[in-house]
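Good morning, everyone. Please have the structure open on your screens. I'll start with the ligand and then move to a lysine.

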Amino acid sequence: MGRPSIPMKQHKDKHRIIKMGTRKKVHAYVRFRPTDEFAYDMISFGEDNKSVDIHIKKDTRKGIVNNQQTDWSFKLDGVLHDASQDNVYDTVAKEVVAQALDGYNGTIMCYGQTGAGKTYTMTGTTENYKHRGILPRALQQVFRMIEERPTHSITVRVSYMEIYNETLFDLLSTLPYVCNTDTPMIIAESPQGIFVKGLSVHMAGREEDAFSLLFEGETNRIIASHTMNKNSSRSHCIFTIYIEAHSRSLSDEKYITSKINLVDLAGSERLGKTGSEGQILKEATYINKSLSFLEQAIIALGDRKREHIPFRQCKLTHALKDSLGGNCNMVIVANIYGDANQLEETLSSLRFACRMKLITTEPAINEKYDAERMVKNLEKQLVLLKQELAIHDSLANRSMVTYDPMDEVQIAEINSQVRRYLDGTLEEIDIINLRQIQEVFNQFKIILSQQEQEVESNLRRKYTMIDKNDFATISAAQKAGLIDVEGNMVGDTDGQGFGLGLAPFTSKVMKKTKVKKPFKDFGALLKKETPGSPGSVKDGESVSTSKTQLLSSKEVDVKDVPSRDREASSSEPIQSESPKEETRPTRPSTPPPKPSAFEEFKNERGSEINRIFKQNKTILNDRRKKASEAAQRINSIKREIDSTKEALNVQKTFREEQGEYENKGLMIIDEEEFLLILKLKELKKQYRGEYQDLRDLKAEIQYCQHLVDQCRQRLLSEFDIWYNESFLVSEEVQSPPKTKGGSMRLGTIPLSKLTSLAEDDEDKFGQTQLSNLTDCPDSVAFYNAKMKLDQKQNYSKTMASFQPKKSVPIVLKEKSPSDYNLP
Ligand code: ADP
Ligand code: MG
């Protein structure tokens, strides 16, 4: 027979801890060992028997100026002086044991210096029934209460473990049916809590069986101390009673579990006093260490702000992890001497007890669900509900309705229905039952995601996509000259990107146009441009200059303007045929070239708007720089997060290799790992913050961009007006209403010639262009034609490029760099 252990059932069933919301303090009692030399002059008790006052006389040898403390007062839950075992049990343990039967875990610990009565309190004397301690009495109470609860089937199991020099010993391993293995026992964690792997847990069907197990353990404790040369006062002993209560009513799926830990701690006396050497010293060091770790854990538990409790520092605290504080009922008994010469240890034990009192616990019921019972009950319920449904269907004259899960054929049918519904061949989908409705939705979702994928893969086949947040790729693309600094595509040559397809001149806008005299020659120019005619260009060539800007305001009325422009800035300007112009002496016979005129305009009438334009651009560039910096910071934080995660993983693997981490359950981590977790948390916070900043910056950039565009448009249209008024247009032509600041009027000049603007290499005329195009799609043909003319006349000194819509990813056409024909 193998080592009996906690049945598997506990691991597979659902586990729930029900908190009652009542917080409780740890109860601390002090028990005095009887002595003939009780120091009544130094130790006194409060009237309510809940406090101990200690007073010592000043040590006169320490001089007149003497800060030595001489008075202490300790508040406790009870002082047990000359108390019988009976009385001690009732005061200390009875309630804890009673509550264990209701599903609350309980822990009772005895703490104190060697010989102060810890073992006497916990185990008592085995030869005298009257002097039996808490352990046998607790077992008795458990069995008595079981008898009082015939409605429940309650099982009791026990284990008895000793921790000596940081090694775990099973005090019940000598039982004939326990299979001894050489693998050392280890403390492990599971979702159900802490358990000791390899520790035998024994069923106790009757009170008598439980006592036998206790005596077996006690005997082994004594024998082991001789055979292994152990000093029994230096070991910790943990006797655990496991209780599991199932209702006898099979319909009740819930059951409760609990455990009572009864702990006889090692002597708490300090090392200096024992005068230990060699082996003894080693033992004493271990004891002091584990007790001081216990104390550290207690202090941490008492401090509500502490998140991390160092349970794993030693076997004792690790084994008691879920029995110290937490959801347990917890009691501590400080065993002390009343003798004057032991006062120092007495004080230290009282201090420990008071520290324990600072801990609050929140006792909770450990409730579990019996999976087997649950399945059986659900099956029963299902049968009943199906019967009920059948009755409803027959009453409603519905036949052929099934409620079973759908098979593949049925699902395929629904899929086809949904598809037909989506392309309109099916008018509506009949509702049959809930399951069918759910499947319809499910198929909708599937079809939607398939379509999304199709669209994306179509796009990918056609374009190379760059994530707008992928700054590295964007900057590489910028370097390659595929996109400009703003992420706009450069040299969109086939016209598809922006719908700048070739369109006839008979576009709507053209038809509307009233051709005024100065533009009569436009027709002649158009003729020149027809394919085959000298100076005409092929489509491919024309599009290579599509970066030529086609800026105009939203209200472009006159589309024949370009002819004028061409004249104006051609290397051999065509003489104006307009008699009116000739009659105006103030104007030069040949208008000045646009670039120089633009410079002049910026210093003159356009100075204010140019200033604002520049200012806005400075702000825009500043924001862009900041955004790029923020992106870099985000990347570096991300790298740090990754490396911290990696370090954490290493820690985790190391922890798992140590075999102390069971999985899924509560994590036990050491300080280093804890610090890494904190660091990771902080980094993630930083990351979120930076990310938010970047998003804000992007919004700001978009806004600034809009302002810059507006200014640019305004500047250009004002220039147009100014230029026309100053050099080209007759008074009568100048008269058309100036509706809006940004509107263009007769004589609008193609921006392709405003080469002076190209000095601002971040100018993005394309943006204005795009907004114009989207506002007035019919103008596409016009702009295309104009573009061709521009090229033909070799006005291809351009300054900016196309601007794809901001909201979509930057789309780069798959082309060779030569396609871009960049200046
Ligand atoms: P500890 O376990 O703290 O080292 P023990 O429980 O072994 O101390 O007690 C030492 C001795 O004192 C034992 O012989 C025990 O029977 C006796 N003793 C301790 N406390 C009492 C008490 N309250 N009444 C009677 N005897 C006691
Ligand atoms: Mg003892």
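Which backbone lies 2.6 Å from an oxygen atom of ligand 1? It belongs to Gly115: a polar backbone atom of Gly115 sits at that distance. Keep in mind that this is a predicted model.

Two more pairs are worth finding. Gly117 also uses its backbone: an N or O atom there lies 3.0 Å from an oxygen atom of ligand 1. Thr119 uses its side chain instead, with a polar atom 2.7 Å from a ligand 1 oxygen. As for cover, ligand 1 has 550 Å² of accessible area on its own, and the protein covers 68% of that.

Now the wider shell. The residues around ligand 1 include Arg31, Arg33 and Pro34, and also Gln113, Thr114 and Ala116. Lys118 and Tyr120 are there too. Sort the shell by class and you get 3 nonpolar, 5 polar and 3 charged residues.

Which elements supply at least two residues each? Strand 3, residues 27–33, and helix 4, residues 118–122. Helix 4 gives the most, with 3 residues.

Next, the lysine. Where is Lys357? Look in helix 10, which covers residues 343–357. Its side chain makes a polar contact with the side chain of Asp77, at 3.1 Å. Set aside neighbours within four places in sequence, and Lys357 is in contact with Lys25, Val26 and Ala28. Lys75, Leu76 and Asp77 are also on that list of contacts.

That's the tour. Questions, please.

Notes
Residues are numbered from 1 along each chain as its sequence is written. Chains are lettered from A and ligands numbered from 1 in the order in which they are written. This is a predicted model: local features need pLDDT of at least 70, side-chain atom pairs count only at pLDDT 80 or more; totals for chains, interfaces and linings use all residues. Side-chain values use heavy atoms; hydrogens and water are left out. A residue is near a molecule or strand if one of its heavy atoms lies within 4 Å of it. A polar contact is a pair of N or O atoms within 3.5 Å; within protein, one must be able to donate a hydrogen and the other to accept it, and residues adjacent in sequence count only if both atoms are side-chain atoms. Accessible areas come from the Shrake-Rupley method with a 1.4 Å probe; for residues, only the protein chains shown count as cover. Helices (H or I, at least four residues) and strands (E, at least two) are DSSP runs, numbered from the N terminus. Ala, Val, Leu, Ile, Met, Phe, Trp, Tyr, Cys and Pro count as nonpolar, Asp, Glu, Lys and Arg as charged, and the others, Gly among them, as polar. Contact means heavy atoms within 4.5 Å.
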